[in-house]
Structure formats: structure tokens, C-alpha cells
Amino acid sequence: MYVEDIGEVYCKDQTIKKKVEKVRVYNKQKEETYDYITASVIITKVLDSIDNIDVTIIGGPDVLLEIKDKESPNNILEILKILVICAILFFGSGLAIVNFYEDVEMKASIEKIHYIITGEDVENPMISTIPLSIGVGLGILTFFNRVISLSKRRRQEPGPLEIELNLYDKDMEEVIIKELKNKDKT
Amino acid sequence: MYSFLSAFVGLSAGVVIGSAAAAFFTLLNFISRTIQVANARKMVKIYQNIIALGASAYSFIYFSNITFKLNNMISALVSLFMGYFLGMFSSALAEVLDVIPILSKKLKTKHRLKYITTSLLFGKTLGSLCYWLIYVKR
């Protein structure tokens, strides 16, 4: 691992920049683990190998390293995984909706509302339940991503699920660094 | 004419229910956890669409008397998927309420979380089995 792998180097002198980029800050490990480098380690390594320079670190104090093997693209497994997740989410969300309907007696409510509006006493009025079902899907879609918008930029903005994923990653990195530090202390 | 109004009411009720369900799912953030665990984040859009599709399809099936007349084993498979979802759902619900972290802090068992989660797992499975095999059969 060299400095250029974990950050960018700014320097007026191109030769010094090249030199700094090629400073080795971390030795390769065989197994897949997590590890971290603190800013002070990077500074000392850089200062040790090159004379007469100042180093200023801009950004976070710790760098989290994820050491893993070269990923072999296994497409069939990937597709299978996605299919299983899709099946779980499909049937699961369906179950959640049916659970909710049974809980609040949706059938009776819809029949009642249909009777109030049209005056017909129909058992499971399709004219009302099909739009309801479409509405459920539409509601979920509008919550997760902006479907109805003319501007292309607004349609591209991340939905709550992406934000949640991002937050989760951040929290996980923090916890991993903290645990690694605790391990080093003991 | 009035049936159009009825359809409109149905549509708006559906939108409210759907967005509430989606908000609930994201609040519990177990879907993002699933994606994270499976390391399959390229397809986030697909998952969102599949949730919408699943909820919509099941909503429709709930109100109509459709039967697909499929094999028993397929029902078992579908039930497995639903159970998977329900397990994540209930764990996420307990996690949002911060029951386990607080309990483990009070009991000073921070480094034995593994046992707590394992016992939760077995407890939930056993509870479900007891419900279906003993209570419902009675």
C-alpha cells in the first residue's frame, strides 16, 4: 500500500510529489481483514523517507483498510443472490400488506366506503379495490424514489434506501476503526 | 359516476397505505441491512420496485378470490421467504426500540452479544413453532 492508494498528494514540485506518492505505508497481509492507518503513522512514514518537507493532512484522521482477495466475477451466483433477495422482499412485503389488511379489516372498510359513495352493497367491489392495490404500489414507489418529475436532476437524487445504506456504511466504518484501536491497546 | 369517485377514493387510500408501509420499512432499515449483508447494492432500484410490486400484487390477491393451484412445495418455499422477511422485520423492530443494547449494558454483557442474539433466534423460532403446532391446533 502506497500513499497514492489512500489519498491524493498536492505539491508544487513534481518530483517530490512522485516520491511521496510512492511511500509505502502499509505492508500486504495474506488474509482478508480490516485494518486502519492513523494520520500520524502516515506522516512519520513520509517524513522518514523524504527529507526537508512539511506534511499537512487534510481530511479524516484515520483510514480504514478493507483487505480482500481479488473479486472473481461470479455472475450466476450474483444473479441467484439477487433473485433470492427479490423473492424475499416480494413475498415479505406482500405478507406485510395482507397482515395489515387483516388487522384493520380492510375488506369490510372498503365495502363500507363503496356503499357510502355509490349506494350499492357489493361484496368486494373491484372498482375500488384495484385502484387501491395500484395505489399501494404507487405510494411505495413515490416514497422510495421520485417518479413524477420533469427535471432529470431531481429524478436522479438518492432515495431514502440509498441514504440509509450510506449511513449504515459510515456507522460500520466508525465501529470497525474503534474496535481495531481497542484491540491494539490491549 | 359514483363508482369513479369510489375508485378515486380507493387510489388515494392506497397511496397513503403504500407510502406509510414504505416509510415503516425504511425506518426499521432492515431492507438496507439485507442489501448490505448480501453485498448487492448495485440493484437498489430493483429492490424498491420489487417491494412496490409485491405489495401491490398481494393487495390485489387479498381482495379477489384468485387461486394459482400450485404444488404444496411451492407454498412451503413462499412461506420460507415470508418467514425470512418476518424474522428480519421482528428483529429490526426490537432493534429500533434499543432493547438489546440497553439490556446488555445494564447486565454488563457487552462482549457476549452473540449468545443474546442466538437465544433470541431460538426463542423466536420456538415461539413460532409453539404457536402453530400447539395453540392453533387446539
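Modeller: Let's settle one term before you start: buried means under 20% relative accessible area, exposed means over 50%, and partly exposed is in between. Also bear in mind that this is a predicted model.

Biologist: Fair enough. Is A:C86 buried or exposed?

Modeller: The relative accessible area of A:C86 comes to 8%. The cut-off is under 20%, so A:C86 counts as buried.

Biologist: And what is the relative accessible area of B:C130?

Modeller: B:C130 falls in the partly exposed class. That class sits between 20% and 50%, and the value for B:C130 is 37%.

Biologist: I always check cysteines for pairing. How many disulfides does the structure hold?

Modeller: A disulfide is a covalent bond between the sulfur atoms of two cysteines. The cut-off for such a pair is sulfur atoms within 2.5 Å. Over all chains, the number of disulfides is 0.

Biologist: On to the helices. How far apart are the end C-alpha atoms of α8 in chain A?

Modeller: Helix α8 of chain A takes in residues 160-185, which is 26 residues. At 1.5 Å a residue it should span 38 Å. The model agrees, as the end C-alpha atoms are separated by 38 Å.

Biologist: What elements of chain B help to cover the buried residues of α8(A)?

Modeller: Those buried residues include A:L161, A:E164 and A:L165. From chain A itself, the cover includes β1, β2 and α6. Chain B joins in with α1 (2-28), α2 (30-38) and α3 (44-63).

Biologist: Let's zoom in on α2 of chain B. Which residues does B:S32 touch, leaving out those up to four places away in sequence?

Modeller: B:S32 sits in that helix and is buried, at a relative accessible area of 1%. Its contacts are on α8(A), where these partners are among the buried residues. They are A:L161, A:E164 and A:L165.

Biologist: What separates the C-alpha atoms of B:T34 and B:F85?

Modeller: B:T34 also belongs to helix α2 of chain B, and its relative accessible area of 12% makes it buried. Along the chain, B:T34 and B:F85 are 51 residues apart. Their C-alpha atoms, though, are separated by 9.8 Å.

Biologist: Back to chain A. What does α4(A) reach from its first C-alpha to its last?

Modeller: α4(A) has 30 residues. At 1.5 Å a residue, 44 Å is expected. The model comes close to that, with 43 Å.

Biologist: What is the phi of A:E105, just after α4(A)?

Modeller: A:E105 lies in the loop between α4 and α5 of chain A. It counts as exposed, at 54% relative accessibility. A:E105 is not a glycine, yet its phi is positive, at about 50°.

Biologist: And in chain B, what is phi of B:K69 near?

Modeller: B:K69 is in the loop between α3 and α4 of chain B. With a relative accessible area of 71%, B:K69 is exposed. It is a residue other than glycine, and its positive phi is near 55°.

Biologist: Last topic, pockets. How much space lies in the second largest pocket?

Modeller: Rolling a probe the size of a water molecule over the atoms shows where empty space is left. For the second largest pocket, that space is about 640 Å³.

Biologist: Which element gives the largest share of its lining?

Modeller: The second largest pocket is lined by 25 residues, and A:E8 and A:V9 are among the closest to its centre. By class, the lining has 17 nonpolar, 5 polar and 3 charged residues. The largest share, 3 residues, comes from α3(A).

Methods:
Residues numbered from 1 in each chain as written. Chains lettered and ligands numbered in written order. Predicted model: local features only at pLDDT ≥ 70, side-chain atom pairs only at ≥ 80, totals over all residues. Heavy atoms only, no water. 1 Å grid on protein atoms, 1.4 Å probe; cavity = no way out; pocket = protein on both sides within 12 Å on 5 of 7 lines; lining within 4 Å. Points joined across faces, edges and corners; volume = space filled by probe spheres on them. Helix = DSSP H or I, 4+ residues; strand = E, 2+ residues; numbered from the N terminus. Nonpolar A, V, L, I, M, F, W, Y, C, P; charged D, E, K, R; others polar. Buried < 20%, exposed > 50% of the residue type's maximum accessible area, 1.4 Å probe, protein only. Expected span 1.5 Å × (residues − 1). Contact = heavy atoms within 4.5 Å.
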